Amino acid sequence: MAWMVRASLSRLIAAAAITVAAAGSLTAGGRLDVVAKFQQPSLELDVATYIDPEIEMPVGKVGMLGFASGSVRNSFALRGGEWGALIDLWGKAARMQSRNWRTVGTLTEKGGGDVARLTILAGTGVKIVVMSAKGPGMSYVIAKTDMPRFAAAIKQVKDVLASDAPAR
């Protein structure tokens, strides 16, 4: 049974990564909703949810961070119970602002295959770094002015993941 859940999650993460890479197009089985977009001149960070009604809940729902720079893309996905760890690291990083970058913590995707690792750093803003075999390492700095909007976006994702409601 556990291998079925891991296999389903792996398919879901792969499908979601492909969906983010396609800049918002949907895969046949699920729905991607971008909650917030953060943009710098050549870099974008999307906060999103991916819900696949064909996969049993809660495995069929993930929160995602999608990174893009031109055609280069990477993503990081967590299920509902794991998304709280991202919010905790975010809160700690927001409180640790300083002139120098300091690592706050890391998270690792749960699932099989090409799992990604997310590192959060505090400094003059919050830096989010994704590393994985499925794409190049990428980072995005959330400026102090964007920190309240990012906090609201990841909380909104947590609320969607915690709800029993199906995709809209």
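**Close-up views of a predicted model**

**View 1. Phe38, Trp90 and Phe150 are joined by ring pairs into a cluster.** Two rings of Phe, Tyr or Trp (taken as its six-membered ring) are paired if their centres lie within 6.5 Å; planes under 30 degrees apart are called stacked, over 60 edge-to-face, and the rest tilted. The whole structure holds 2 aromatic pairs by this search. In the one between Trp90 and Phe150, the rings are tilted, at 4.5 Å centre to centre with 50 degrees between the planes. This pair links distant parts of the chain, with Trp90 in helix H2 and Phe150 in helix H3, 60 residues apart. Trp90 and Phe150 are both buried, where buried stands for under 20% relative accessible area, exposed for over 50%, and partly exposed for what lies in between (1.4 Å probe, protein chains only).

A word on the model: it is predicted, so local features need pLDDT of at least 70 and side-chain atom pairs pLDDT 80 or more, while totals for chains, interfaces and linings use all residues. Residues are numbered from 1 along each chain as its sequence is written, and side-chain values use heavy atoms, leaving out hydrogens and water.

**View 2. Helix H3 (residues 147–162) turns one face inward, lined by its buried residues.** Helices (H or I, at least four residues) and strands (E, at least two) are DSSP runs, numbered from the N terminus. Met147, Phe150, Ala153, Ile154, Val157 and Leu161 are the buried residues of H3. Seen down the helix axis, they fall within an arc of 125 degrees, based on directions from the axis to the C-beta atoms. Exposed Pro148 and Ala162 sit on the face of H3 turned away from the buried side.

**View 3. Strands S5-S6-S7-S8, in that order, build an open antiparallel sheet of 4 strands.** Strands count as paired if DSSP finds at least two bridges between them. S5 (102–108) and S8 are the edge strands, each pairing on one side only. From one strand to the next, the twist averages 15 degrees. Helix H2 (residues 80–95) packs on this sheet, touching S5, S6, S7 and S8 (contact: heavy atoms within 4.5 Å), and its direction makes about 175 degrees with that of S5. Axes are lines fitted to C-alpha atoms, for helices over the stretch in contact, with angles from 0 to 180 degrees between N-to-C directions.

**View 4. A hairpin of 2 residues joins S7 to S8.** Strands S7 (residues 125–132) and S8 (residues 135–142) run antiparallel, joined by 6 bridges. Ile128 has Tyr140 as its bridge partner in S8.
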